[in-house]
Structures are given as C-alpha cells and as structure tokens.
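User: Could you take a close look at the salt bridges of this structure and walk me through them slowly? I am in my first year, so please explain each step.

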Amino acid sequence: MKKNVAGGYTYSEAGVDISLEELGVKTLVSQLKYRRTGGYQMCSDVGHFAGLVDFGDYVLALAVDGVGTKMLVADRLKNWLTLGIDCIAMNVNDLYVMNVEPVAFVDYIATDKVEPDKMRQIGVGLNEGARLANMNLIGGETATLKGLVNGLDLAGTCLGVGKKDEIITGAAIKEGDVIIGVPSTGIHSNGLTLARKVVDSYADYSEKMPWGKTLGEELLTPTRIYSEVLEVTRNCEIHGMCHITGGGLNNLRRLGPYGFDISTPLAPSPIFKWIEEIGNIDKHEMYRTFNMGMGYVFIAPKEEAGKITEIVPDSKIVGEITGEEGVRLEGKVFVK
C-alpha cells in the first residue's frame, strides 16, 4: 500500500463533478413545468428527497435511485448478494426523511447480457432489503441493451404512503433546534467513484484492513436502512430530517435556508480515514463526497433529544440550528 504524497484526488477528477451535476439537475428541473388538471395534484416541490401526490387525507410518495458504481466493485469481487439492499435503502431512506412509510417497490435492471446467477444474487439482496423495510416487491423491468449498457445497472422506484398532516419537509425547523446524527454502516452507495480511484491506485480489494474487513468487503457493506425513523416520528416532535447521500453535508441545504452548525460530528468510520490518508484527500472534499460516518440526521427541539437517542441508541447530538444561513463544520464554513 502506497500513500498518495503528491497531491490529493478530488471527486471531480475521479469522474463525478458535483457542481456540474447540480447545474444539470437545475437545468432539467427548469423544464418540468406541466401540472396535471383535476385531482391528485403534486403537493411537494421538485428537488426534495421524495415527490408527493395529494391523495385526500394522505399523500402518495415516490422516490427513485440506484446503486451507482458500487456495481463495479461487486463485479470485481463477483459478489452481488447485497446490492439489492443498497438499491432499496437508497430509496426508502429518502421516503423516511419526509415521514413516509415505504409500501411497494419496483426494480429496473439494464444490462448488456443477462447472467442468471447474477440476477439470483441481486434478487437475494432485493428480498432482504424489502424485509428490512417491511415493503412489498411488486414487479420490475429487465432490459438487455447491448451497445448502450456495458455491464449491469440496478435502480428502482419506491412508493410510500403518509398522512398529509404528518408530512415533515423541514419547514418547521427553527433556530435553537438540535441536530442529531445517526451513524452509517460505511460508504453506503455514494462516493464509490472516488473510493475506487484510491483503491485502484494505492491498494487492492483483497487487502485486509486493521479493523478486520478487506477493502472489497468494506466497499460492499450494504447501506443502512433507517426504518427506526418511523418509531421516532410517532413518539417525538421532529422538525426536519436528512439522508446524507452524494454531496455529503450539502444535503442539509435541501431542507431550507437554515444555519446548520455541526460542532461535534460523529467519528468517521475507519474506511473514510483510510481513504483520506492514503489518497491525501482534503477534509472538505471528503465531507462533500461521503457521508463520513453519519448517514441520517434528525432536527428537533432540544427537549426531544433524550427520547430520540433512546429509540436510536447509536445516535447523538452533533450540532444545532443557528440564525446564520449555511453549513458549518467544527466552526468553519463548509458551504454558504
């Protein structure tokens, strides 16, 4: 294993330009102006973690996501057993953010060649993810797209249901609220392009780490499904929630123009420390690429913190909401 001493990688240099993605999404969304006539109107803004449709006293919610280049790690290791968990987790966690219960899921597989055992392994993970989220798998689509797709891409769409008057958007967030972080299980399904760049350049997927896993096993650790969120929202006053995915702490800005002061962040998982050190990557770049050990966030009145941490024992207060807009990490401006 050789440390990168010449200079650190960035996510953009590895192949993913977050700023360009934000611009691309804004450009796309700017064209989405049509709204249906009649009932079942949209009742959320485009760009939140999930889209909501008015359904009387309830809302139907939709989220869509995939596992990204984590698939390439699975291909290297010939192990696709947990990717279905990742696919479901990336979707249901976005629904939990709005206090919506996931109820049904459809998957989409695009591939250049159908391989039955790979499909079987993906099915094992999807089934386990559905169990963890208590959700029906109601169908899907497999498309063989030779010449367009090289390998296999796994994505899915999740349907959720919530009571309209119990939806949480972040609009209730106020100065003085505490920010409570919940640990991740590792990299989850974001930032794998940069993580793979470091491993490919300075190590090997079979290399065993001091904490017991090989690098390949670490990168394939499935995304945590935060199903305990629904118990928290039933028993506690919650003003906002956030799923920390691609873009890291930038995700907090999706909740609104608040001041997010992360003064005592959760300790990063060992894999993040390894990537930062071996790849000689700037700390700011790490926190804008990875979840850095914090995969989910509750924002609530300070007096609710004890109840939240009792329901989710590995959670803890990591900061508070301030009157100065932007995200701050350990006293330094992360993003305005």
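Analyst: Arg120 is partly exposed, because its relative accessible area of 46% falls between the 20% limit for buried residues and the 50% limit for exposed ones. This comes from a predicted model, and the partner of Arg120 can be followed in it: the side chain of Arg120 meets that of Asp117 in a salt bridge, with 2.9 Å from N to O. Asp117 has a relative accessibility of 39%, so it too counts as partly exposed. Both residues belong to helix H5, which covers residues 116-133, and they lie three residues apart, about one turn of the helix.

A second pair has another setting, for Glu228 and Arg224 are both buried, and their side chains form a salt bridge with an N to O distance of 2.7 Å.

In a third pair, the side chains of Lys307 and Glu304 meet in a salt bridge at 3.2 Å, N to O. Here the two partners fall into separate classes: Lys307 is partly exposed because its relative accessible area is 39%, whereas Glu304 is buried because its relative accessible area is 10%. Salt bridges can also share partners, and in this way Asp75, Glu115 and Lys118 are joined into one network.

To place these examples in the whole, the count by this rule comes to 13 salt bridges, among them the pair Asp117 and Arg120, the pair Glu228 and Arg224, and the pair Lys307 and Glu304.

Methods:
Residues numbered from 1 in each chain as written. Predicted model: local features only at pLDDT ≥ 70, side-chain atom pairs only at ≥ 80, totals over all residues. Heavy atoms only, no water. Salt bridge = Lys/Arg side-chain N within 4 Å of Asp/Glu carboxyl O. Helix = DSSP H or I, 4+ residues; strand = E, 2+ residues; numbered from the N terminus. Buried < 20%, exposed > 50% of the residue type's maximum accessible area, 1.4 Å probe, protein only.
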